[in-house]
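Me: Please take a close look at one part of this structure and build the picture outward from there. I am new to it, so keep the sentences short.

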Amino acid sequence: MGVREAVARRSGADGSRALRSRWRNATMAAGWAFPADWPLAEVDDVCRAVVDGGDAGAELYRLGGARAEAGAGLAETLLDLAALHAVLAEPPGSTGIVSASVDAIPARMLRATALGWGDVMSKRAGDCAADNPLTGLATAGYLRTRLREVYAEARATGRRDHVLVLVGLDLSRTSGWSRVVAMTLLADALKEVFDAGETVASVGPSVACVLLRRDERLVRAVANLRVLTADRLAVDPHVAPTGPVRVWLEELPETWADAVALIAGLGR
């Protein structure tokens, strides 16, 4: 790296830190309730994008989502955005007190941040439902609740005999409605094979799972599921390109938190 590039990078870092400091002060002065909750990695991303002179729309979208994940309401999130805008609207080198006004936020900044916040909250609302109305599979949110119950039972009894049966489809060569049809056919097969009170849930756009007790019928049930799922998918020419169905067993991790992380990773 040359001297000029190093100086430019240092200058950008200094500018980013200065913007972050002024933004935080303006947000606190505007009435941010919990100062310890304000710092986020997405804040730094926004500062860098602004100092570099680029379009910070993507960074603001992620910041809105991160605020929602952290529990900040929309009003609080937009107040923070108003503080940023007020700082940016000040003349270069200004150190005076700024006044945050949500009504003054440019539409582009407002839209990106609000969409990021709203998308996370919409996903949370969907996770609160017990099942998916199209496939009939339980939601990931319900599966997390069942897992909590299973781990509580294991602590009380000293036995851990539950396991996950995972089913994955390759939907890379399908699109639109064909993806929904494929998952619906998969759901039908799952509910036919596992119909004795097991928890059958969707954990992602192409992955479903069954939470059940391990017993002598498990191996045969998994084999039946492979055959039945393949047969169901082969009937519809629109979902035939989903490729071979992947079915596997996943042991439950030591803790509930680890199990939740496992499910989240499988659903990506």
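Reply: Start with strand 1 and strand 4. These two run antiparallel and are joined by 6 bridges. One pair to find is Gly168, which stands opposite Arg246 in strand 4. Keep in mind that this is a predicted model.

Now turn to the other partner of strand 1. Strand 1 covers residues 162-168, and strand 3 covers residues 207-213. They pair in the antiparallel sense, over 7 bridges. Two bridges help to fix the register. Leu164 has Leu211 of strand 3 as its bridge partner. Gly168 has Val207 of strand 3 as its bridge partner. Gly168 is therefore a good landmark, with Arg246 of strand 4 and Val207 of strand 3 as its partners, given that strands pair through backbone hydrogen bonds.

Next comes strand 2. Strand 2 also pairs with strand 3 in the antiparallel sense, here over 5 bridges. A hairpin makes the link between strand 2 and strand 3, through 2 residues. Gly204 stands opposite Val207 in strand 3. Further along, Thr199 has Leu211 of strand 3 as its bridge partner. Leu211 is a useful second landmark. Leu211 is the bridge partner of Thr199, and Leu211 is also the bridge partner of Leu164.

Put the pieces together. The 4 strands make an open sheet with the order 2-3-1-4, and the pairing is antiparallel. Which strands stand at the edges? They are strand 2 (199-204) and strand 4 (246-251). Each has a single partner strand, so one side of each is left without a neighbour in the sheet. Neighbouring strands are turned by 25 degrees against each other on average, direction ignored.

Is strand 2 enclosed or open to the outside? Being at the edge of the sheet does not leave strand 2 uncovered: 6 of its 6 residues are buried, so the rest of the structure largely encloses it. Strand 1 is mostly covered too, with 7 of its 7 residues buried. Strand 3 is mostly covered, with 6 of its 7 residues buried.

Look at the two faces of strand 1. His162, Leu164, Leu166 and Gly168 point one way. Val163, Val165 and Val167 point the other way. Residues on both faces are buried. In general, nonpolar side chains tend to be buried together in soluble globular proteins.

Follow Val165 into the core. The largest nonpolar core has 27 residues. Val165, Leu190, Phe194 and Leu225 touch the most other members. Strand 1, helix 7 (177-193), strand 3 and helix 8 (218-235) each give two or more residues to this core. Helix 7 gives the most, with 9 residues.

Phe194 shows how these parts meet. Leaving out residues up to four places away in sequence, Phe194 touches Val165, Val200, Val210, Leu212, Ala221 and Leu225.

A second, separate core has 24 residues, among them Leu60, Leu63, Leu81 and Val87. To place some of these, find helix 3 (residues 57-69) and helix 4 (residues 74-89). The two helices pack at an angle of about 140 degrees, with their axes 10 Å apart. Their crossing is right-handed. Leu60, Leu63, Gly64 and Arg67 come from helix 3, and they meet Thr77, Asp80, Leu81 and Leu84 in helix 4. The residues of this contact divide into 4 nonpolar, 2 polar and 2 charged.

One more stop lies in helix 1 (residues 3-30), where Ser16 is found. Ser16 has a relative accessible area of 9%, and buried means under 20%, so Ser16 is buried. Setting aside residues up to four places away in sequence, Ser16 touches Asp44, Cys47, Arg48 and Val51.

Now step back to the whole chain. The protein has 9 helices and 4 strands. Along the sequence, the pattern is α-α-α-α-α-α-β-α-β-β-α-β-α. Of the 268 residues, 38% are buried. Take contacts between residues at least 6 apart in sequence: 69% of them join residues at least 24 apart.

Key:
Residues numbered from 1 in each chain as written. Predicted model: local features only at pLDDT ≥ 70, side-chain atom pairs only at ≥ 80, totals over all residues. Heavy atoms only, no water. Buried < 20%, exposed > 50% of the residue type's maximum accessible area, 1.4 Å probe, protein only. Contact = heavy atoms within 4.5 Å. Pairing = 2+ DSSP bridges. Axes fitted to C-alpha atoms, helices over the stretch in contact; angles between N-to-C directions. Core = buried A, V, L, I, M, F, W, Y, C linked by side-chain atoms within 4.5 Å. Left-handed = near helix turned anticlockwise from the far one by under 90°. Nonpolar A, V, L, I, M, F, W, Y, C, P; charged D, E, K, R; others polar.
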